[in-house]
Amino acid sequence: MWRRVASLSSFISSSSSSSFVAQTASRLNTWESLTTGIPHQENGVSVPKEKNPFITFVLGGPGSGKGTQCIKIVETFGFKHLSAGDLLRREIASNSADGAMILNTIKEGKIVPSQVTVKLIQKEMESSGSNKFLIDGFPRTEENRVSFERIIGVEPNVVLFFDCPEEEMVKRLLNRNQGRVDDNLETIKKRLKVFEALSLPVINYYSHRGKLYTIKAVGTEDEIFEQVRPIFTAFEVCSASTMILQAQ
Ligand SMILES: Nc1ncnc2c1ncn2[C@@H]1O[C@H](COP(=O)(O)OP(=O)(O)O)[C@@H](O)[C@H]1O
Ligand SMILES: O=c1ccn([C@@H]2O[C@H](COP(=O)(O)OP(=O)(O)O)[C@@H](O)[C@H]2O)c(=O)[nH]1
Ligand SMILES: [Mg+2]
């Protein structure tokens, strides 16, 4: 491990994203121990999990630009994008057994029970054939977070937080124009309260775990993406370096 980090030093000294690479190299230590070391519960028996996926949680208030930036991340870095909100809206559209409950919850700006959302995410992860996921708009509560870790059995590698002033978020949501049942002032006010009371604690949790990258989510879409880009570039550099060293 020390060899791998040391081997990055020439890149670090010449890179404009040097602090990200150095930070990432150290965070990758955590990642490697997570991907190879954590015992995985299966039928009550603890078995070592060979290789876990690379998971990014994309968090931020309603209208902070999560979905918009996810599209850019996918274009540039090739993740599988899973929007929890889109999965829930798909359940409503398909008239599933939970559809009516989900619709009412979204209209009220409340949070759908964790088990429902995690099951939908799990199904998409399993059928995707991908090993790199952007999970957008989830977890929104501490209960969501714990439920994901228990059911999926892994923690995220990276957590992005799009930090945007309320006034800007409200303006964007009122102009979103996608015909959503929750893009009205009454529901938006409720969603902002839920974000502060239930979602901010999740963001604080990942900050303490050293996994949080805070993005100032004001400015043009491109300006914001230029804050996001170096984070994933650094992870790519670190994982390429690991592969080279493993091949030696
Ligand atoms: N940087 C930005 N500046 C202005 N409007 C933006 C920006 N990023 C996104 N938007 C717009 O704001 C609205 C909400 O963005 P979206 O990506 O759906 O946010 P979220 O997924 O966090 O709710 C959309 O209409 C989107 O086009
Ligand atoms: O994990 C989730 C994600 C979304 N939602 C519900 O779906 C709504 C819309 O979520 P989405 O992520 O699409 O909204 P955005 O933040 O992108 O505007 C939320 O307000 C919640 O009511 C939920 O209950 N759990
Ligand atoms: Mg969204």
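## Helix pairs, a sheet and two ligand shells

The crossing of H5 and H6 is left-handed. Keep that in mind as you work through the exercises below, and remember that this is a predicted model.

**Exercise 1.** Work out how H5 and H6 are oriented to each other, and which residues make their contact.

*Solution.*
- Step 1: get the geometry. The two axes, those of H5 and H6, come within 8 Å and cross at roughly 130 degrees.
- Step 2: classify the angle. Angles of 65 to 115 degrees count as roughly perpendicular and those over 145 as roughly antiparallel, with the rest between taken as oblique. H5 and H6 are therefore oblique to each other.
- Step 3: list the contact. H5 brings Leu88, Glu91 and Ile92, while H6 brings Gly99, Ile102, Leu103 and Ile106.
- Step 4: sort by class. The residues of this H5 and H6 contact come out as five nonpolar, one polar and one charged.

**Exercise 2.** Now do the job for H7 and H8: what angle do they pack at, and which hand does the crossing have?

*Solution.*
- Step 1: H7 covers residues 114–128 and H8 covers residues 142–152; they pack at about 45 degrees, with axes 9 Å apart.
- Step 2: that angle makes H7 oblique to H8.
- Step 3: the crossing of H7 past H8 is right-handed.
- Step 4: on the H7 side you'll find Ser114, Gln115, Thr117, Val118 and Gln122, and they meet Glu143, Asn144, Ser147, Phe148, Ile151 and Ile152 of H8.
- Step 5: the residues of the H7 and H8 contact split into four nonpolar, six polar and one charged.

**Exercise 3.** Lay out the five-stranded sheet, and explain why E4 and E7 each have one side without a neighbour.

*Solution.*
- Step 1: write down the order. The open sheet runs E4-E5-E3-E6-E7, with parallel pairing.
- Step 2: look at the ends. E4 (80–83) and E7 (212–216) are the edge strands with a single partner strand each, so one side of each has no neighbour in the sheet.
- Step 3: add the twist, which averages 20 degrees from one strand to the next.
- Step 4: zoom in on one pair. E3 (residues 54–60) and E5 (residues 132–136) pair in the parallel sense over five bridges, and Val58 sits opposite Asp136 in E5.
- Step 5: put the helix on. H4 packs on the sheet and touches E3, E4, E5 and E6 (158–163); its direction makes about 165 degrees with that of E5.

**Exercise 4.** Find which residues are closest to ligand 1, and which element supplies the largest share of its shell.

*Solution.*
- Step 1: count the shell. Ligand 1 is surrounded by 14 residues, the closest being Gly65, Lys66, Gly67, Thr68 and Arg172.
- Step 2: assign elements. H4 (66–77) and H11 (221–247) each supply at least two residues.
- Step 3: pick the top one. H4 has the largest share, three residues.
- Step 4: by class, the shell around ligand 1 holds two nonpolar, eight polar and four charged residues.

**Exercise 5.** Repeat this for ligand 2: how many residues surround it, and which element gives the most?

*Solution.*
- Step 1: ligand 2 has 20 residues around it, and the closest are Ala84, Gly85, Val112, Gly137 and Phe138.
- Step 2: H4, H5 (84–93) and H6 (99–107) are the elements giving two or more residues to this shell.
- Step 3: H5 gives the most, with three residues.
- Step 4: by class, the shell around ligand 2 has seven nonpolar, eight polar and five charged residues.

Conventions:
Residues are numbered from 1 along each chain as its sequence is written. Chains are lettered from A and ligands numbered from 1 in the order in which they are written. This is a predicted model: local features need pLDDT of at least 70, side-chain atom pairs count only at pLDDT 80 or more; totals for chains, interfaces and linings use all residues. Axes are lines fitted to C-alpha atoms, for helices over the stretch in contact, and angles run from 0 to 180 degrees between N-to-C directions. Helices (H or I, at least four residues) and strands (E, at least two) are DSSP runs, numbered from the N terminus. Angles under 35 degrees count as roughly parallel, over 145 as roughly antiparallel, 65 to 115 as roughly perpendicular and the rest as oblique. A crossing is left-handed if the near helix is turned anticlockwise from the far one by less than a right angle, and right-handed if clockwise. Two residues are in contact if their C-beta atoms, placed from the backbone, lie within 7 Å. Ala, Val, Leu, Ile, Met, Phe, Trp, Tyr, Cys and Pro count as nonpolar, Asp, Glu, Lys and Arg as charged, and the others, Gly among them, as polar. A residue is near a molecule or strand if its C-beta atom, placed from the backbone, lies within 6 Å of it. Two strands pair if DSSP finds at least two bridges between them.
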